Amino acid sequence: MPKQIVINKQIIKPGESKEVNMNVYRLPTRTIMEIPVHVFRSVHEGPVVLLSAGMHGDEINGIEIIRQLLRGGHLSRLKKGSILAMPIINIISFLNHSRDLPDGKDLNRCFPGSQSGSLGSRIAYDMMNEIVPQIDLGVDFHTGGARINNYPQIRCVFKDNRNLELAKMFGSPFILNADYREKSFRLEASRKGKPVLVYEAGESMRFNEKAITEGVNGCLRLMKNLGMIDLELDPGPSLILNDTTWVRADISGMFRTTKKYGSHIKKNEVIGSISDPYGEIETTLKAPETGYIIGINNKPVINEGDALIHVGME
Ligand SMILES: [Zn+2]
């Protein structure tokens, strides 16, 4: 018999599908903010998978990925297990078109949170106490921030339990070994023994078709490989990148690159240039290593030290 799923005192029985709210939060206007969780359950025992997006309110590709999955019909035809889909964790930041919470905090640095803390801390606490204990694994959807456009990639810690295996099941174009960040959802969930993959694709406040399609297909592949759905899908072979490095601006000015994100580059190859606005100074940027461009800064006016091109190495 599959285990009981209870969220915010609402029971979702095997075979049931329900939209529930994780908790209720009151905003200054007495407006009630609810964080919806769409629960889909098969009658048969199987993995409980969390799909969550909108941790950063301006990262909308993940929200669209989960919306398409909710519309697609696969979630309501599970052969086994359960899906908990949370399209927008950070509702208030989504409404504000903002990465961060109204008090300036980054929700993804509020974990594990506390019941009596700030709004971010309370949301983190509810995620850790209402959601995490009931799941077996999760995928948390993000995009690059501050005009960084990421090529679709799964970030996880290769040495940790099942991370790489699950990342391969998802099958995004790149899989990166990325250390945990203190106070992040991924770290705190891992401390409870629940692997959470972070999917990074596209940039904030901009729909990116490739990012969305790869995200939807990755979720369907993961579900298929976990035996939760029947579907014919290409296996989505991934390149495994063990290390990454940033190419940073050595001078301030205007940044240009002719390289496409996702492309292969050779060590010392010219991959971009920075010039002053007056046509007097110009420097070239060279690839620090042979590898792949996994992210590009789309901001044309940059300051020295800014991160410009993210390179991943096999
Ligand atoms: Zn994010």
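This briefing covers the domains, salt bridges, backbone exceptions and selected residues of one protein. The model is predicted. The protein is divided into domain 1 (5–239) and domain 2 (243–313). A search of the whole structure finds 14 salt bridges, yet the rule finds zero across the interface of the two domains.

**Domain interface**

- The centres of domain 1 and domain 2, taken over C-alpha atoms, are separated by 31 Å. Domain 1 puts 14 residues into the contact and domain 2 puts in 15 residues.
- The size of an interface is often given as the accessible area lost when the parts come together. Here domain 1 and domain 2 bury about 1100 Å² between them. Of that area, 60% is on carbon and sulfur atoms.
- What polar links cross the interface of domain 1 and domain 2? The rule finds six residue pairs in polar contact, both residues at pLDDT 80 or more.
- On the domain 1 side, strand 8 (148–156) and strand 9 (174–177) each supply at least two residues that touch domain 2. Strand 8 gives the most, with six residues.
- By class, the side of domain 1 that touches domain 2 has six nonpolar, four polar and four charged residues.

**Salt bridges**

- Side chains of opposite charge can pair when their charged atoms come close.
- E59 and R99 meet through their side chains in a salt bridge, at 3.1 Å from N to O. E59 lies in the loop between strand 5 (48–53) and helix 1 (60–72), and R99 in the loop between helix 2 and helix 3, so the pair ties together parts that are 40 residues apart in sequence.
- Is E59 buried or exposed? E59 counts as buried because its relative accessibility is 1%, under the 20% cut-off. R99, at a relative accessible area of 31%, is partly exposed.
- E59 and R99 are linked with D106 in a network of salt bridges.
- D230 and K79 also form a salt bridge between their side chains, at 3.1 Å from N to O. D230 lies in the loop between helix 6 (209–225) and strand 11 (239–241), and K79 in the loop between helix 1 and strand 6, so this pair ties together parts that are 151 residues apart in sequence.
- D230 is exposed, with a relative accessible area of 59%. K79 is partly exposed, at 40%.
- The side chains of R162 and E165 meet in a salt bridge at 3.6 Å, N to O. R162 is partly exposed at 37%, and E165 counts as partly exposed at 41%.

**Backbone exceptions**

- The peptide bond from F111 to P112 is cis, with omega near 5 degrees. P112 lies in the loop between helix 2 (91–95) and helix 3 (119–131).
- H97 is found in the loop between helix 2 and helix 3. H97 is not a glycine, but its phi is positive, at about 55 degrees. At 56% relative accessibility, H97 counts as exposed.
- N268 is not a glycine either, and has a positive phi of about 75 degrees. N268 sits in the loop between strand 14 (264–265) and strand 15 (270–275). N268 is exposed, with a relative accessible area of 52%.

**Buried residues**

- L84 is in strand 6 (residues 82–86). L84 counts as buried at 0% relative accessibility. L84 and H38 are 46 residues apart in sequence, but 5.7 Å apart in space, C-alpha to C-alpha.
- Beyond its neighbours within four places in sequence, L84 is in contact with residues including I5, I7, V37, H38, V39, I131 and I135.
- N163 is in helix 4 (residues 163–170) and is buried, at 2%. Outside its neighbours within four places in sequence, N163 contacts C156, V157, Y180, P195 and L197.
- S190 is in helix 5 (residues 185–191). S190 is buried, with a relative accessible area of 18%. S190 touches D160 and Y180, not counting residues up to four places away in sequence.
- Y292 is in strand 17 (residues 291–297) and is buried, at 15%. Not counting residues up to four places away in sequence, Y292 touches residues that include F174, L239, L241, H264 and H310.
- The C-alpha atoms of Y292 and N217 are separated by 22 Å, with the two positions 75 residues apart along the chain.

How values were computed:
Residues numbered from 1 in each chain as written. Predicted model: local features only at pLDDT ≥ 70, side-chain atom pairs only at ≥ 80, totals over all residues. Heavy atoms only, no water. Helix = DSSP H or I, 4+ residues; strand = E, 2+ residues; numbered from the N terminus. Buried < 20%, exposed > 50% of the residue type's maximum accessible area, 1.4 Å probe, protein only. Contact = heavy atoms within 4.5 Å. Domains from an automatic or database assignment. Buried area = accessible area lost by both parts, 1.4 Å probe. Salt bridge = Lys/Arg side-chain N within 4 Å of Asp/Glu carboxyl O. Polar contact = N/O pair within 3.5 Å; in protein donor to acceptor, adjacent residues only side chain to side chain. Nonpolar A, V, L, I, M, F, W, Y, C, P; charged D, E, K, R; others polar.
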